[in-house]
Amino acid sequence: MLCCYALLFSILWIVVWFLRDRRTLSSYKDKYVFITGCDTGFGNMLAKRLDKKGFHVLAGCLTQKGADNLQRSGSPNLRTTLLDVTNSESISKAVQWVKGEVGEKGLFGLVNNAGVANPIGPTEWMSIEDYRKVMSVNTFGVIEVSLAFLPLLKRARGRVVNTSSVLGRLSANGGGYCISKYTVEAFSDSLRRDMYHFGVKVSIVEPGFFKTAVTNLETIEASLRQLWDRMSPETRQSYGEDFFPNSKQHKPAMVSPRFKYLL
C-alpha cells in the first residue's frame, strides 16, 4: 500500500511540474526585460530568443562591438546599452536609460547574467586580487545591479533571474568563481523573501558545463599558466617543476586526480 501511495504521489508531482512548466504569458506586449552580459554566451542568446518571442529586450553589453553586433541581429524591440557591472556610474547610467525606455510600466524582468570565471585553479596559487577580480563581477555586480533596479521591478511586480551555476552547490576548484556563485544563491534566497511582499519574484538558474567563453579550455589553460609562472620558486618546487607542463599532455578526462579538476 505504501508503494502505491508513493507511486501516486510521484505521478501527481510530475503532472504538476509539467503543467507549471507549460505556463506561458498571454501577451509579451509592453513587457520589458533587462539582461546583463549580452556580448556573447547565454546573455546574447537569451536576448535574441526573447526578442523573437516579442519582448522588449534591453541588453547591457560590456563592449561597443558586442552592443553593435547584437543590435544588428535583432528587431527594433531589441535595444542595447553599454554596462560595466563593476562600475557604479555605469550601472546608474544604465538604470536611467532603462527608465527612459520603460516609462511608467516599470521593468518586467531583470536577468543578472554577466560573469567571469578566471582565474581559477588551486587555492594556493591565488592572490586576494584574483578573488576580487571575479567576485567584483559575479557577486557585487549582481548585488549592485539588483539593488539599483528594484524600484522599477516593484513598479511592474516583475521578476529577477540570477545566473548561478552547479558550482554554486559544489565547490570543484579554487579561486573566486565557486565562492561567487555560492553568494549568488544566498543573495537570491534573501532577496526572494524580502521582495515577496511587493510581488517581485526571484529565481536562479544553475547551468552546468556549457560551451561558452567562460568555459573555453584554452583560456582557462592560459590563465593557469600565468598563475604558475608568477608563483614563488619555493611554492612551485613543492608541486614539482614538471607538474604544470606534464598536465598539458593529457586530455581532461585522462589527467591525474590532483590536476583533473583544473580543466
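Strand β2, helix α3 (residues 64–73) and strand β3 make a right-handed β-α-β unit. This is a predicted model, and that unit is a good place to enter it.

**The sheet**

Within the unit, β2 and β3 run parallel and are joined by five bridges. One residue pair marks the register: Leu58 has Arg79 in β3 as its bridge partner. On to the next pairing. Strand β1 (residues 32–35) pairs with β2 (residues 56–61), again in the parallel sense, over four bridges. Here Ile35 has Ala59 of β2 as its bridge partner.

These strands belong to an open sheet of six. Its order is β3-β2-β1-β4-β6-β8, with parallel pairing. Which strands stand at the edges? They are β3 (78–82) and β8 (201–205). Each has a single partner strand, so one side of each is left without a neighbour in the sheet. On average, neighbouring strands of the sheet are turned by 15 degrees against each other, direction ignored.

Helix α7 (residues 176–195) packs on this sheet. The helix touches β6 (159–163) and β8. The direction of α7 makes about 160 degrees with that of β8.

The bridge pairs and pairings read as follows.

| Strands | Bridges | One bridge pair |
|---|---|---|
| β1 and β2 | four bridges | Ile35 and Ala59 |
| β2 and β3 | five bridges | Leu58 and Arg79 |

**A helix pair**

Helix α5 (residues 128–138) packs against helix α6 (residues 140–156). Their axes are 3 Å apart, at an angle of about 25 degrees. Angles under 35 degrees count as roughly parallel. Helices α5 and α6 are therefore roughly parallel to each other. Which residues make the contact? From α5 come Met135, Ser136, Val137 and Asn138. From α6 come Phe140, Gly141 and Val142.

**Residues to look at**

Start with Arg157, in the loop between α6 and β6. Arg157 is not a glycine, yet its phi is positive, at about 50 degrees. Is Arg157 buried or exposed? Its relative accessible area is 54%. The cut-off for exposed is over 50%, so Arg157 is exposed.

Leu224 gives the opposite reading. This residue is found in helix α8 (residues 217–230). Its relative accessibility is 0%, so Leu224 counts as buried. Leu224 and Pro122 are 102 residues apart along the chain. Their C-alpha atoms are separated by 9.2 Å.

Another proline deserves a look at the backbone. Pro119 lies in the loop between β4 (109–112) and β5 (120–121). A cis peptide bond joins Asn118 and Pro119, with omega at about 5 degrees.

**The chain as a whole**

How many helices and strands does the protein chain have? It has eleven helices and eight strands. The chain counts 263 residues, and 41% of them are buried. Its accessible surface comes to about 15300 Å². Carbon and sulfur atoms hold 58% of that surface.

Contacts also reach along the sequence. Take those between residues at least 6 apart in sequence. Of these, 63% join residues at least 24 apart.

Methods. Residues numbered from 1 in each chain as written. Predicted model: local features only at pLDDT ≥ 70, side-chain atom pairs only at ≥ 80, totals over all residues. Heavy atoms only, no water. Pairing = 2+ DSSP bridges. Helix = DSSP H or I, 4+ residues; strand = E, 2+ residues; numbered from the N terminus. Axes fitted to C-alpha atoms, helices over the stretch in contact; angles between N-to-C directions. Contact = heavy atoms within 4.5 Å. Right-handed = clockwise from strand over helix to strand, strands pointing away. Buried < 20%, exposed > 50% of the residue type's maximum accessible area, 1.4 Å probe, protein only. Areas by Shrake-Rupley, 256 points an atom, 1.4 Å probe, with all protein chains shown as cover. Parallel < 35°, antiparallel > 145°, perpendicular 65-115°, else oblique.
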